[in-house]
Amino acid sequence: MFVFAAGGALSRDPAIDDPAVIELAGDIDSVERRAALTAAVELLDGAPEALERLRDPESAWRAYACALLADALGEDEDEA
């Protein structure tokens, strides 16, 4: 959250290439988590283009971290 806040307004949406997303992705990275994400991606039923992007392990991992950050930011809004 501190890295995200340092990059500008907290009301902005995080992006997959945001420094805070990249930092979070590195912080939570593990072989087990990546394996679970890869398995979950294969179970998804969605747009072929989106699924193809998620089959790239690094893109999927950053997308996951981005979603976690967005969720955390949304929780802060709910508390306000």
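Glu-58 is partly exposed, at a relative accessible area of 38%. That residue is a good way into this predicted model, since its side chain meets Arg-34 in a salt bridge and Glu-58 also forms one with Arg-62. In total the structure holds five salt bridges, plus one aromatic pair. Here's a quick tour of the contacts.

**Salt bridges around Glu-58**

- Glu-58 and Arg-34 bring their side chains together with an N to O distance of 3.3 Å.
- This one ties distant parts of the chain: Glu-58 sits in helix 5 (residues 57-79) and Arg-34 in helix 3 (residues 31-43), with their positions 24 residues apart in numbering terms.
- Arg-34 comes out as partly exposed, with 22% relative accessibility; the cut-off for buried is under 20%.
- For Glu-58 and Arg-62, the closest N and O atoms are 3.9 Å apart, still a salt bridge because the cut-off is within 4 Å.
- Glu-58 and Arg-62 are four residues apart in helix 5, so about one helical turn separates them.
- Arg-62 is partly exposed too, at 25% relative accessibility.
- Put together, salt bridges with shared partners join Asp-29, Arg-34, Glu-58 and Arg-62 into one network.

**The Glu-42 and Arg-55 bridge**

- Glu-42 and Arg-55 meet through their side chains in another salt bridge, at 3.2 Å from N to O.
- Here again distant parts of the chain get linked: Glu-42 belongs to helix 3, while Arg-55 is in the loop between helix 4 (48-54) and helix 5, and the two are 13 residues apart.
- Glu-42 counts as partly exposed, with 46% relative accessibility.
- Arg-55 is also partly exposed, its relative accessible area being 38%.

**The aromatic pair**

- How are the rings of Trp-61 and Tyr-64 arranged? Their centres are 5.4 Å apart and their planes sit at 40 degrees, so the pair counts as tilted.
- That label follows because planes under 30 degrees apart would be stacked and those over 60 edge-to-face.
- Both residues lie in helix 5, three residues apart, or about one turn of the helix.
- Is Trp-61 buried or exposed? Trp-61 counts as buried, with just 1% relative accessibility.
- Tyr-64, on the other hand, is partly exposed at 35%.

Note on methods. Residues numbered from 1 in each chain as written. Predicted model: local features only at pLDDT ≥ 70, side-chain atom pairs only at ≥ 80, totals over all residues. Heavy atoms only, no water. Buried < 20%, exposed > 50% of the residue type's maximum accessible area, 1.4 Å probe, protein only. Phe/Tyr/Trp six-rings, centres within 6.5 Å; stacked < 30°, edge-to-face > 60°.
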